[in-house]
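Q: Please take a close look at the salt bridges in this structure. I would like one connected account of the pairs and where they sit.

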Amino acid sequence: MNLPYSQTLTVEKLSTVFANTSATYKFYWFLSILELVEEGNTKILKRNLFARMISNSWYTVNYFKVSFGKQDLIQDSVKAIMQIENLRINENKNILNTILQTTENPKTIKILNHFDKNVPHWFISSWFSGNRNEIYSLSQDFEHRCLYRLEKNHIEINPMWISYLKSNSKILKDFCFWNLSLFLQKRNLNIPDIPNKISKCITRNSLLKQTNEYWKPVFNELGSIDCIFTNKRLFFDEKKYALDHFIPHAFVSHDLIWNLIPIDKTFNSVKGDKLPSIKDYFEKFYHLQKTAFEIVKIKNPKNRYLEDYLTIFPDLENNDEFDFIRYKETMQPLITIASNNGFSFMKDL
C-alpha cells in the first residue's frame, strides 16, 4: 500500500516506519497522532497520546481477545488499567480518553509513562540514526523534515506535515491498520477477521432482519422453539428470546445465519461471550439449524440467508445433505481456538 506522494515531504521515510516492528507500539502511536491532529492539535501532550494508544487497543484486547505477542506490553497495560481504574470492557472510547488523560492514580500514570522510554523517538528513527538523546536533539531542527519535534512532555508536529496529515488522514489510517493487520495476523494465524477487530469498536449490528426474515417462518411453522440451553419453550410473539451467536460474536465477528439461534433471553444475558460445550450442546444446535434450514428452503428457496450456509456446505445448492460431521468439524476448531485465546466456557458461569 503506497502513501500519497508529496514533492516537499519525506513520505518515503514515513512509509518505512513499520518496516521493523516487534510490538504494536508504533501503530497505535501513529493512529493517536492522526486522531489528535484531525482534532486541530499540533502541540500534543505525550500523556494524551499514550492514553489514545490504550483506548485504540482497548476493544481489540478486552473484547476480541486478539494476542499482541509476548513482547508487547500494550496488552498487559490495557488489562491492568481496566482493573486499576475499575473500567468496563465496553467503556466508551471518549470516556476512556478523558479518564486516562486526567487520572491521578500513580499506578495508571506509571503504566502510561512507560511508553515514553522508546515509542516517541523510535517512531522517527527513519529520519535519524542515533540513540534516544541524539534523536531528541536532531528532531529539534525541522529542516530535517521530520514528522515532529520531541520535547520532554509533548511533541510538536512539523508545520510542513500538518496539511498532509489532515488531508490524507483516511488513507494514512488505512495504511496503519493494514500494517497492523499483517502484524497481528502473523501472531493469530487462526483468528478470523483480524482487520475488523482492530479498526472497529464494539458495534453489534441489529439482528432484526435475521429474526423476521429467517427465524419467524420457522417459529410460524413449528409453533414454538425449545432453547437448546435451558429447554424453555420460546414463542415468537412473546419476545422472550434473543437471537444468539452459538460461537461468540466477539470471536467470529460476523452474523452469518449458521451461527445464530434463538435462545431464552434471560439466559442470553447471563451467557454473554461464554463458549458452549460441543459435547453438551452441538447436537441440539445442529438439529435446530437443520430443521430451520429445511423449513425456510421449502417456504422461500430464494431467501438470502440460505446462502450463508455455503460457507460450510459449498455444494448445498446441488446437494440437500446437511451433513452433521462437516458442520461439527467447522464449529469445533473455532471453539477450540477461541478457548485458547482466552474465551471461557459456559461451565464457568
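A: **Salt bridges between distant parts of the chain**

A search of the whole structure finds 15 salt bridges, a salt bridge being a side-chain nitrogen of Lys or Arg within 4 Å of a carboxyl oxygen of Asp or Glu. The model is predicted, so local features need pLDDT of at least 70 and side-chain atom pairs count only at pLDDT 80 or more, while totals for chains, interfaces and linings use all residues. Residues are numbered from 1 along each chain as its sequence is written, and side-chain values use heavy atoms, with hydrogens and water left out.

One of the pairs is E35 with K93, whose closest N and O atoms are 2.7 Å apart. This pair links distant parts of the chain, with E35 in helix 2 (residues 25-38) and K93 in helix 5 (residues 93-102), 58 residues apart. Helices (H or I, at least four residues) and strands (E, at least two) are DSSP runs, numbered from the N terminus. E35 has a relative accessible area of 13% and K93 one of 19%. Both residues therefore count as buried, which means under 20% relative accessible area (exposed is over 50%, partly exposed in between; 1.4 Å probe, protein chains only).

E39 and R52 also meet in a salt bridge, at 3.0 Å from N to O. E39 lies in the loop between helix 2 and strand 1 (43-45), and R52 in helix 3 (residues 46-62), 13 residues apart. R52 is buried, at 7%. E35, E39, R52 and K93 are linked in a network of salt bridges.

Another pair is D116 with K46, at 2.9 Å between the closest N and O atoms. D116 is in the loop between helix 6 (106-114) and helix 7 (119-123), and K46 is in helix 3, 70 residues apart. Both D116 and K46 are buried.
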